[in-house]
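Biologist: I have a structure on screen and want to talk through some residues and helices. Can you pull it up?

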Amino acid sequence: MAPSSLISLSFFLLVSSATAFNITKILGTYPDFSSFNSYLTQTQLATEINKRQTITVLVVANSEVDSLSSQPIDVVKRVLSAHVVLDYFDITKLQEMKKSSLLTTLFQSSGVAMNEQGFINVTKTVSGEIEFGSAVKGAPLTSKLVKMVAAQPYNISVLQISSPIVPTGIENANPNSTASPPHSASPATPPPSEGPAGPVAGSPKASKAPAPTKASPSAPSESPSDSADAPSDNADVPSEADAPDVSDSPLNSPPMAIADEPAGDSDESPAPSPPKTKSSSSARVTLGGFVGIVIVAVSSLVAL
C-alpha cells in the first residue's frame, strides 16, 4: 500500500504542477483588472498562459486598458501577448538588474512579430524606478512598474504597470500579410529566368556574326586555285595569262600577277639545266676518245 500511495501522490503533484495556476482566477479577485482579464478570455490568451510553467503577466488597470477597446480583437490579442513575459520576474529580480534588459514575450513566439516587436525593454533608472517599453528601435519607455499584484514564486508573477505597451506597427502584423510576400516573390522569379534566356540566345548569334567574314576568305581561296590552273595551261603564252587577270575583279588581280611571276621563274629554271647535262656528256665523250687515241699510239710504238 505504501508504494502505491507514493506513486499516487507523485502523480498528483505532477498534475498539480502542470496546472499550477489559473490566470483568470488570480485576476478574478481584483476588480481593477476585470477588463484586462476579460480580454485574456476573449482572445484565448488565458489558455496559452495557463499552459506555461514559468511566466510573468504585466497587467493594466481598467482605466488604461480601455484605450484598446477601439481596436479589433486580433490587434488586442497581439498587444496583450506582448505583456506576457516568458520568464519569472518579481520586483526583487527587477531591482537586481544592472541597467536595462530585453525580455521575450508571448508575442514573439507567435511567429507574427517583426522588428523586435516581440521583446520588451526593461530599464532601471538612476532613481531606481523600473520602466517598460517596446524593444522596437526608437520606441520610448512608456510605462512604469506600479506594484506586485500576485506571485507564485518561479511559476507565475503578476505585475501592474502604468499604461499599455503598444509596439510600433503591431496593428499591421497580420499572419496573412506576412505570408503574402512569398507569393509575390514567386511570380517575380520567372521573369528573371526568362530575362537571361533572351540575352543568352542573342549573344551566340552576335558571336556568330563573323560568318560572312568566313565566306569572304573562301572566295579568294577559290580564285587563286583557278588562277593557278590558268597559267599551267597557257604557260607558253604570258599575254593570255594576263587576260584572265583583267577579267577577274581588281581585288583578285594583284595576287594573280604575283602568282604568275614565280611560275615564270620556275619554268625558266629547268630550261638551262638540260644544256648543262649535254655539255658535260660531250666533254666526257671527247676525253674518252682522246684517251683511246693515246693508248693506240703507245701500243703501236711498243709494237715497233
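Biologist: What does Ser134 touch, leaving out residues up to four places away in sequence?
Modeller: Ser134 touches Glu116, Phe119, Asn121, Ala139, Pro140, Ile165 and Pro167, with residues up to four places away not counted. Contact here means heavy atoms within 4.5 Å. This is a predicted model, so local features need pLDDT of at least 70 and side-chain atom pairs count only at pLDDT 80 or more, while totals for chains, interfaces and linings use all residues. Residues are numbered from 1 along each chain as its sequence is written, and side-chain values use heavy atoms, with hydrogens and water left out.

Biologist: Where is Ser134 found, and is it buried or exposed?
Modeller: Ser134 is in strand E5. Its relative accessible area is 7%, so it is buried. The cut-offs are under 20% relative accessible area for buried, over 50% for exposed, and partly exposed in between, with a 1.4 Å probe and protein chains only. Strands (E, at least two residues) and helices (H or I, at least four) are DSSP runs, numbered from the N terminus.

Biologist: How many residues apart along the chain are Ser134 and Ile165, and what separates their C-alpha atoms?
Modeller: They are 31 residues apart along the chain. Their C-alpha atoms are separated by 6.5 Å.

Biologist: Pro140 was one of the Ser134 contacts. Where does Pro140 lie?
Modeller: Pro140 lies in the loop between strand E5 (130–134) and strand E6 (141–152). Pro140 counts as exposed because its relative accessibility is 53%. Beyond residues up to four places away, Pro140 touches Gly133 and Ser134. Pro140 and Pro167 are 27 residues apart in sequence and 9.9 Å apart in space, C-alpha to C-alpha.

Biologist: Glu116 was in that list too. What is its phi?
Modeller: Phi of Glu116 is near 65°. That is a positive value in a residue other than glycine. Glu116 sits in the loop between helix H8 (106–109) and strand E4 (119–124). With a relative accessible area of 40%, Glu116 is partly exposed.

Biologist: What about Ala113? Where does it lie, and what does it touch?
Modeller: Ala113 also lies in the loop between H8 and E4. It touches Phe107, Gln108 and Gly118, not counting residues up to four places away in sequence. Its C-alpha is 9.5 Å from that of Ala82, with their positions 31 residues apart along the chain.

Biologist: Switching to helices. How are two packed helices described?
Modeller: By the angle between their axes and the distance between the axes.

Biologist: Then at what angle do H3 and H6 cross?
Modeller: At roughly 110°, and the axes of H3 (residues 34–42) and H6 (residues 73–81) come within 10 Å. Axes are lines fitted to C-alpha atoms, for helices over the stretch in contact, and angles run from 0 to 180 degrees between N-to-C directions. H3 and H6 are therefore roughly perpendicular to each other. The classes are under 35 degrees for roughly parallel, over 145 for roughly antiparallel, 65 to 115 for roughly perpendicular, and oblique for the rest.

Biologist: Which residues make the contact?
Modeller: Phe36, Tyr39, Leu40 and Gln42 of H3, and Ile73, Val76 and Leu80 of H6. They divide into six nonpolar, one polar and no charged. Ala, Val, Leu, Ile, Met, Phe, Trp, Tyr, Cys and Pro count as nonpolar, Asp, Glu, Lys and Arg as charged, and the others, Gly among them, as polar.

Biologist: Which residues of H3 are buried, and what covers them?
Modeller: Ser35, Phe36, Asn37, Tyr39 and Leu40. The cover includes helix H2 (23–28), H4, strand E1 (55–59), helix H5 (62–65) and H6.

Biologist: And the buried residues of H6?
Modeller: Val75, Val76, Arg78, Val79, Leu80 and Ser81. They pack against H3, H4, strand E2 (84–85) and H8. Asp74 is in H6 too, but it is partly exposed at 38% relative accessible area.

Biologist: What comes after H3?
Modeller: Gln44, with a positive phi near 65°. Gln44 is in the loop between H3 and helix H4 (45–51). Gln44 is exposed, with a relative accessible area of 54%.

Biologist: Last one. Which residues touch the most other members of the largest nonpolar core?
Modeller: Ile23, Phe36, Leu40 and Phe132, out of 44 residues. A nonpolar core is a set of buried Ala, Val, Leu, Ile, Met, Phe, Trp, Tyr and Cys residues joined through side-chain atoms within 4.5 Å. Leu40 touches Ile23, Leu27, Leu45, Ala46, Ile49 and Leu80, not counting residues up to four places away in sequence.
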